[in-house]
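Student: I have a structure to read and I am new to it. Could you walk me through its features one at a time?

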Amino acid sequence: MPSAPALELQHVHLQRGRTQVFEGLSMQLHEPRIGLIGDNGAGKTSLLRLLCGLEAPDQGQVLSQGQNLHAAGSQRARWVGMMFQNPDDQIIFPTVVEELALGLQPQGLNKKAAQAQARQFLHARGLQDWAERAVTSLSQGQRQHVCWLALLLAGPRSLLLDEPYASLDLPSQAQLAHDIAQTTQQVIVSTHLLDHVRHFPRVIWMEGGNVRADGLGAQVCAAYEAHVRQRIAALHPQPPAHHG
């Protein structure tokens, strides 16, 4: 019997105020790498928030390997973790080592053991100098990197990244793309920088809370780009050519 998908939405309805975000959305997320693309307001972040349990559906359910995510309690942190678009929405502790150690607590480690493991993890990546640094002394991109390291160290089986490249310079984008390629966990990336997901086996184009297209990364990204070009062209029609 095939294993249950890593993540699954079954007939999910979500309303926020007067806005109907999702109305009966269903999808199975099997693939190890999945991209989410689409305009702002298409539902990408709302989808990620549902998938990591930050929001609960009004109707329907969200499953991780066949088990209800919203009934999982503290176990949920072992199943799925999310990196927010703004690292300041995520970071709690004043130093890097404390922030990284936080993600190990669901594994039952005490504070001292968790911090020792966090230091070891930083050392293995050549970042031992970061351990005692104040998070406030880091750039936006560096804080984003701390969030990514915390997620990697915590090690949930699905990693959800919301616009992870937005505040990164080119070297940091390349490093993150390399890390994503190397990790064994499922990674779902929402991004406007299509080149980072174009090679993925699956990309989902969201539009108005629905799936507009779903398939190979190269094909779905090309379709979205063509659609955007058409919309821009429609807004700026060319004047008719004058013949002398």
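Tutor: We will go through confidence, the sheet, a central question of burial, the pockets and some backbone angles.

Student: What should I know before we start?

Tutor: This is a predicted model, in which local features need pLDDT of at least 70, side-chain atom pairs count only at pLDDT 80 or more, and totals for chains, interfaces and linings use all residues. Residues are numbered from 1 along each chain as its sequence is written, and side-chain values use heavy atoms, with hydrogens and water left out.

Student: What does the chain average in pLDDT?

Tutor: pLDDT is the predictor's confidence in each residue, from 0 to 100. Where it is low, the predicted coordinates should not be read in detail. Here the chain averages 89, and 97% of the residues score at least 70.

Student: Which elements have the lowest and the highest mean pLDDT?

Tutor: Helices (H or I, at least four residues) and strands (E, at least two) are DSSP runs, numbered from the N terminus. Helix α2, residues 76–79, has the lowest mean at 86, and strand β3, residues 33–37, has the highest at 97.

Student: How do I read the sheet, and in what order do its strands come?

Tutor: Strands of a sheet pair through backbone hydrogen bonds, either parallel or antiparallel. Two strands count as paired if DSSP finds at least two bridges between them. In this model six strands make an open sheet with mixed pairing, in the order β6-β7-β8-β3-β9-β10. At the edges are β6 (80–83) and β10 (210–215), each pairing on one side only. From one strand to the next the twist averages 20°; such angles run from 0 to 180 degrees between N-to-C directions, with axes that are lines fitted to C-alpha atoms, for helices over the stretch in contact.

Student: Which residues stand opposite each other around β3?

Tutor: Take β8 (residues 186–190), which pairs with β3 in the parallel sense over four bridges. G35 stands opposite V189 there, and I34 faces I188. Four bridges also join β3 to β9 (residues 202–207), again parallel. In β9, I34 has R202 as its bridge partner.

Student: Why is β3 described as largely enclosed by the rest of the structure?

Tutor: Buried means under 20% relative accessible area, exposed over 50%, and partly exposed in between (1.4 Å probe, protein chains only). Five of the five residues of β3 are buried, so the strand is largely enclosed. R33, G35 and I37 point one way, while I34 and L36 point the other way.

Student: Is α1 mostly covered or mostly open?

Tutor: An α-helix has 3.6 residues a turn, so residues three or four places apart point the same way. Helix α1 (residues 44–51) is mostly covered, with six of its eight residues buried. Those are K44, S46, L47, L48, L50 and L51. For contrast, look at A181 in helix α6 (residues 170–182): A181 counts as exposed because its relative accessibility is 54%. The C-alpha atoms of A181 and R33 are separated by 8.7 Å, though these residues lie 148 apart along the chain.

Student: How are pockets found, and how much space lies in the largest one?

Tutor: Rolling a probe the size of a water molecule over the atoms shows where empty space is left. On a 1 Å grid over the protein atoms alone, a cavity is a set of points where a 1.4 Å probe fits but cannot get out, and a pocket is an open set with protein on both sides within 12 Å along at least five of seven lines; lining residues have an atom within 4 Å of a point. Grid points are joined across faces, edges and corners, and a volume is the space filled by probe spheres set on the points. The largest pocket holds about 630 Å³. Its lining has 23 residues, with A77, G81, M82, Q90 and L151 closest to the centre. α5 gives the most to this lining, with four residues.

Student: What about the second largest pocket?

Tutor: That one has about 160 Å³ of space. It is lined by 15 residues, and G41, A42, G43, K44 and T45 lie nearest its centre.

Student: Where do positive phi values occur?

Tutor: Most residues other than glycine have a negative phi. Q65 and E163 both have a positive phi near 50°. Q65 sits in the loop between β4 (59–64) and β5 (67–68), and E163 in the loop between β7 (158–162) and α6. Q65 counts as partly exposed, at 42% relative accessibility, whereas E163 is buried at 6%.
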